[in-house]
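Please open the structure in your viewer and keep the selection tool at hand. The tour below proceeds from one contact region to the next.

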Amino acid sequence: MKARIIDRDDVLKIADLLQGQGYDVIAPFPGRGRDTFFESISDENRQRFQIHLPNPYYPPKRFVFPHMERLLTVRRSNGDLLIEPTYRESKRALFGIRSCDVAGIYHLDRFYLGREYHDIYYEKRRRNLFLVNVVCTVPGADINNECFCLCTDTGPAAKDHFDLQLMDLGDEFMVVAGTPAGEALFSDSMFKRGSEAHREKRVAILNEVRKQFKKTTSWFSATVRYVSQGAVLDKTWEEIGNRCLECGGCTYVCPACTCFTVSDHQTGSDEIERVRIWDACALAGFTRMAGGHNPRRAVHDRRNRRFFRKLAHYFIQRELSMACVGCGRCAAVCHGDVGMPNVVEMIRRASLESDTHAD
Amino acid sequence: MAHRLTTCTFCGVGCGLYLETSGNRVVGVSPSMSHPANEGRICVRGWHVHEVIDAPDRLKKPLLRKNGRLEEVTWDEAFGFIADRLKVIRDTHGPESIAFLNSPRCSNEETYLLQKLARAVMKTNNVDHGAGVYSNYALNVLLKMFGTPGTTNSIQGLDRSDVIIVSGVDLGRQLPTIGGRVIRAKLKGAKLIVMASRRHRVAESADLFLLHKPGTVSMLFGAMAKVIVDHGLVNLPFIRSRCSSYEAFLASVRSRDLLATAEACGVPADQIEAAALEYARAASAAILYTTGIEAREHDSVEAMVNLCLLCGQIGKDGGGIFSLTEHNNLQGVCDMGMLPERLPGYGMVEDDGARRAIEEMWDTSIPPRRGMSASWVLSHRGQGAVRAVWLCRYDPASTAFISEAGESLRQCDLVAVQAVFLTETCKYAHVVLPTAVFGEERVTFTSTERRIQIADKVIDPPAGIEPAWQQLVRVARAMGAEWKYDSAADVMDEIGAAVPFYSGANYENLSHDYGRQWPCTREHPMGTQFLFAPGHPSQSFTFIPIEKPARPVVTNDEYPLTLIFGHSLYYWHQNVLIKHSETLKREYRMLLLDYPDGFVEINTSDAKRYNIRDGEKIRLRTTSGSCVTAARVTPEVMSGTVYVPYFVGQVLRQLRGDQEKGAQLLPVRVEKEAA
Amino acid sequence: MPTENIYLPKTAILDRVTDEIAEVKTFHWHFEDEAEQKAFKKFRPGQFAQVSLFGVGEFPTSLPPSPTEQETFFTVRSVGSCTSALHQLKPGDKFGVRGPYGNGFPMDAYEGKNLVFVAGGIGLIPLRSCIVYALNNRDKYGRIQIFYGSKTPSELMYVANLREWEQATAVECSLTVDRTCPTDVWTGNIGVVGSLFKKPGVGIPVENTIAFVCGPPVMFRFVINDLIDLGFEERNIVSTLERYMKCGVGKCGHCCIGVAYVCTDGPVFTYEQIKKLGEDI
């Protein structure tokens, strides 16, 4: 991959270049307190732009898989049905997307586009999406207490699947091109060739940043094994289930969760729209069938299900990507503190107990 | 894409969340990580609030009943009709023939103006909110014992509690954000004591779970007081300096017998003792309950507050009494004086001083006698005295609590409804005014932790639709009043003058941080995290001796089970919102879909004893009536009890028969009904 | 090449409705567009389609016709809002259909084998397709046996087909009911469907035989036990699973159980696979 060096002050000029190419450039901005959210960069807000700030909890997956999205409209006239799909095809650039979220979008690519059926709504949004990744280097801003991308091998610096990657080297930024579209931007004069010293600095910073992660959950891969083999005790799932208040939050904020439900809305006397809305396997109604049969009634069955779907070898192989990217959002939004890092820890502890019990 | 911080309006927690808009459409929602009430968490309802805002089937034009049918008319015609009809009714039958009722979901501004319209313009104190039937009692107890009606402490403060007692309420379902806070506090080391007559999710995390017979809360807390007195753990310095009626209370406690009480409650005495000792020895301990009725006997709040005073668990961070409100603005609606006997700020209508202060402010007279309560108005039109009813976002016809509400409304000469959807109540309406919804207006709500906060406007309402408070201004003007409010902020300025503990709560101040917790005064504009802190004007508290605590229902061989009338477990009062979200409808109506003809819940072991299978038809028989329904067999309810969700209105009427109205517990027997 | 929109229903026209049993009707329909009709007709027995009632929603339903038959139809019980909306439609009304989806039964792989069909109640709907398909390709299969039971005589599905199969020599068809009402004229077997297996003269071959089982969960469990007692291997017992699903194409996630998406990996599974999925049927 080609890399270039730019001045610190030129970072926003990349956004300008993309805007010049017709992209709506969307970046994380600070809100009240520690809140941050994605917003289009405009003349009005560009002074508020910051490169290092907490990753927004409302995940950028919604720019390819919206929280609520119209699939089609259906009009009735003279007994006929006019069924029309509605697509969104405008160009968008995510400027400052973190490495975990890049991995999340890659996972969605594998899921929505990688198998027998292609999701055209996803595809049209994805094809028009440009990703400018920012490497997480500042503890407290980029890296928070819940981050565990080291364990999922998705950060703090993404290895691929971005168009451009920015890394803060102090006075300068290293810019890495991940795609031809990204590389094409290097024709601008602000991109300078780098030196071996730049490369060494990058490695040194990344080595230092590794130590800043509080949640290292080194037991993550063992958890994958335990979950895949069905070796996690029912008791552990019950404990996890008892702390789940079934809000669905972990799924909604997850960059790699894909489930949705579909709903028809009356929009006029002879017109309806069909929308799809994020759905969550934590919810009791998720598997309930018309007529009342629900194969997954107990809350711990549903919790078990979510972690199995994310961590089972079978699905990792099927998608060639794991449905957990180490962003830590599920932990931050969970009422009962049963986000992924804690679940890994609970499974580890339970396995120790059962080991000693066997002795 | 734009984001704006606002306040969730589903329940009393008042979570901070961001609404994402695209054009004039709300397309997404996410929690605020920094809002002190929720800190990044919201419940399933909050996560789907954008679907509710987006509901396409809402009303967009005013409706007027013509030839028996509601027809779309112009706004002028609708307001003209209302003013004419109100004048005729007032002139013919007097102002007492008109009543104004609202829902505890209404904003502070519209509530304030509604009661002002009633009192200042129409000259009647017939104002009340829909939850008054069961919540006003808790309010009055707190006023009597603390002098302040509300949760004393902050939700965030639970992080600093050493002991948390949760009585009755199923937090996981009713107020999940508080439920989560309690679970996390427990994980961080707080002792969690749960007392309830049915199992629930939060109980699974409890250190001590006291599963007690329904109707014994007061006895249970009384027994704990007895343990504390016997162990010499009473906080005497606190009591001596700040409390009255202690001697009388002490005498009533001394007469208790722990073992006998334990048996009556169905709880082992050592569990009661353990709970009492934990509570008394804690540096700070909180007690949580809800204002919902949920089979709460009359003296249970007194018993809980007595215990709190006995140990001085008040006036400090992490302690206090959490009188949790399920409706998002129950606290605010009461603060605004939406009560037949109380003015804004809780002054009594019949207290000349309190009334005069408001009269001077409004520059008009207020009738000096208390008005009629909502249940009085709706059960038989106040013995026929009521001719006109104004209903602001209130849908009494589909809440089973007052089963005669529909019939009462049918007999009125004017039923005016402000509503978003064509509710059941609109069937009886002469005129329906569609209003703006959450997200379309900038107004304030007061959460269960006394947090006055702004719910922001993020999109425009459909053409012609105004916020409910503006419609009230139009009615007042049509009735000849010279009201002038340019914005909801102007209304809040007036509220600040009428309600002393809101005097610092202007919109400028509220738009910083995450709103302010009252008292928020000119002197203390930053608000108050917990009440009665040392240093603040000292306050005196009162014990209320409970001579004869409520006792459990006496069952016998013929009627061996206790029937509990629940109310809020399945969120019936939010149905109008929930049914507009595919996901929420699915989640909250699931049990109704599984048991389409309604159901009652029976414990698994009882079901075995009476040979009843899940979903089977059964007959419930009380001394005064009987009914057929389906059984939902579940280990969640306590053995020996049968739980009736309130929305099965039919069941309720058949079983209560001529029993005392409002009876929450009845002895019952269960019989198999032939299929 | 433009990607096809997998969520886009095509307009279908209802031709006629016939009553089956209480709350269950058969809906004969065709696509408005002839090319669609032609493409759709390539479905395999055991596949399913997504039916759209616009303004209400979409639901999955199995395809009871055999591709060897002329007509396309669904047989649907009114259980939820979508299915009851379908029941309201009149001939000439338009609705949406997309599909066919799912793996279907591998009827080619079963050539040369004996086929045993065991159905309970409306479990006959998904099996009807394979039965008709097998009978229309009679020379490709060995013995064909049908065991079908319902609660009462009035709850037997596809009565005309049953009569035909009972009289045909190419197939051995046994019927039973759990109970009769005094008004029923029923001279046949009484008892659960498994009781038919041991009747004199039935003699289910186990070697080189595929057993198709569809019916309510309780019946399913009993029949599976009976078949295993007879010596059937788990991989030679096949069924179709029903799950709540929204998309039918492996995206919405609702029907994902164990390691399978019922919609794309199923709905046809062998009992060996079903056991590994680790959930209630």
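The model shown here is predicted. Begin by selecting chain A and chain B together: 39 residues of chain A are in contact with 39 residues of chain B. On the chain A side of this contact, highlight strand 3 (36-40), helix 9 (249-253), strand 10 (260-268) and helix 12 (329-333), the elements that each give two or more residues. Which element of chain A gives the most to the side that touches chain B? That element is strand 10 of chain A, with 5 residues. Colouring this side of chain A by residue class will show 13 nonpolar, 16 polar and 10 charged residues.

Next, keep chain A and add chain C. Here the contact takes 33 residues from chain C and 36 residues from chain A. On chain C, select strand 4 (57-62) and strand 6 (94-101), which each give two or more residues to the side touching chain A. Strand 4 of chain C provides the largest share, 3 residues. By class, this side of chain C divides into 13 nonpolar, 12 polar and 8 charged residues.

Finally, display chain C alone. Its domain assignment gives domain 1 (10-101) and domain 2 (114-240). The centres of these two domains of chain C, taken over C-alpha atoms, are separated by 25 Å. Where they meet, 15 residues of domain 1 of chain C are in contact with 14 residues of domain 2 of chain C. Select strand 1 (10-21) and strand 5 (72-77) of chain C, each of which supplies at least two residues of the domain 1 side. That side of domain 1 of chain C has 7 nonpolar, 5 polar and 3 charged residues.

Technical notes:
Residues are numbered from 1 along each chain as its sequence is written. Chains are lettered from A and ligands numbered from 1 in the order in which they are written. This is a predicted model: local features need pLDDT of at least 70, side-chain atom pairs count only at pLDDT 80 or more; totals for chains, interfaces and linings use all residues. Two residues are in contact if their C-beta atoms, placed from the backbone, lie within 7 Å. Helices (H or I, at least four residues) and strands (E, at least two) are DSSP runs, numbered from the N terminus. Ala, Val, Leu, Ile, Met, Phe, Trp, Tyr, Cys and Pro count as nonpolar, Asp, Glu, Lys and Arg as charged, and the others, Gly among them, as polar. Domain bounds come from an automatic or database domain assignment.
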